[in-house]
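Biologist: Could you walk me through this model? I would like to go over confidence, cysteines and charged pairs.

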Amino acid sequence: MALLAHCEDPALSVAEAVDRLETITTDPRVTREILETAEANGIIKREETTIEPVGGNYVNFESQVITREGEFTCRRCGAEISTGHFVNFDAGELGPFGSSCIRKVTGRE
């Protein structure tokens, strides 16, 4: 839910939200549960095919995104990467992502 709570887009399609959630799980039941829980907790507003994050929390790239050098596999696209980008949420760290995927996941692109 932290990923949805920190989304920079004013609105996104359910498909785009699911794409971001698939960095955490590919289980459709879990994805549906995350969306339903986020809506019930007031993190998002959902209207048929659109999701609107509530609250305006954004990922601060300077303080919340950590980069590490090493051998990683991007959690979003599966590419082999030498620099991993990790998002540090209160609930824990999410990643690694490549440089373009971190922007996609956080809604910067």
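Here are some questions about the predicted model, each with its answer.

Biologist: Good to start with confidence: which element of the protein has the highest mean pLDDT?

Modeller: Happy to start there. The model is predicted, and the protein averages a pLDDT of 88, with 98% of the residues scoring at least 70. Among the elements, helix H1 (residues 2-5) has the lowest mean, 83, while the highest, 96, belongs to strand E4 (residues 65-73).

Biologist: Thanks! How many disulfides does the structure hold?

Modeller: Take Cys74, whose closest cysteine sulfur is in Cys101, at 3.7 Å. A disulfide needs the two sulfur atoms within 2.5 Å, so that distance is too far for a bond. Cys101 is likewise in no disulfide. The number of disulfides in the structure is 0.

Biologist: And is Cys101 buried or exposed?

Modeller: The cut-off for buried is under 20% relative accessible area. Cys74, at 3%, falls below it. Cys101 has 6% relative accessibility, so Cys101 counts as buried.

Biologist: Now the charged side chains: which residue forms a salt bridge with Asp19?

Modeller: Asp19 sits in helix H2 (residues 14-21), and its partner is 57 residues away, in the loop between E4 and strand E5 (80-89). Asp19 is partly exposed at 32% relative accessibility, and the partner is partly exposed too, at 30%. The closest N and O atoms of the pair are 3.1 Å apart, and the partner is Arg76.

Biologist: Lovely. How far apart are the closest N and O atoms of Asp27 and Arg29?

Modeller: Let us look at their surroundings before the distance. Asp27 has 26% relative accessibility and counts as partly exposed, whereas Arg29 is exposed, with a relative accessible area of 58%. The two form a salt bridge, and the closest N and O atoms are apart by 3.2 Å.

Biologist: Why does the pair of Arg68 and Glu93 tie together parts that are apart in sequence, and how many residues apart are they?

Modeller: The side chains of Arg68 and Glu93 meet in a salt bridge, at 2.9 Å from N to O. Both residues are partly exposed, Arg68 at 33% and Glu93 at 40%. Arg68 lies in strand E4 and Glu93 in strand E6 (residues 92-97), so the pair joins parts whose separation in sequence is 25 residues.

Biologist: One last thing: how many salt bridges does the structure hold?

Modeller: We have met Asp19 with Arg76, Asp27 with Arg29, and Arg68 with Glu93. The number of salt bridges in the structure is 3.

Definitions and conventions:
Residues numbered from 1 in each chain as written. Predicted model: local features only at pLDDT ≥ 70, side-chain atom pairs only at ≥ 80, totals over all residues. Heavy atoms only, no water. pLDDT = per-residue confidence, 0-100. Helix = DSSP H or I, 4+ residues; strand = E, 2+ residues; numbered from the N terminus. Buried < 20%, exposed > 50% of the residue type's maximum accessible area, 1.4 Å probe, protein only. Salt bridge = Lys/Arg side-chain N within 4 Å of Asp/Glu carboxyl O.
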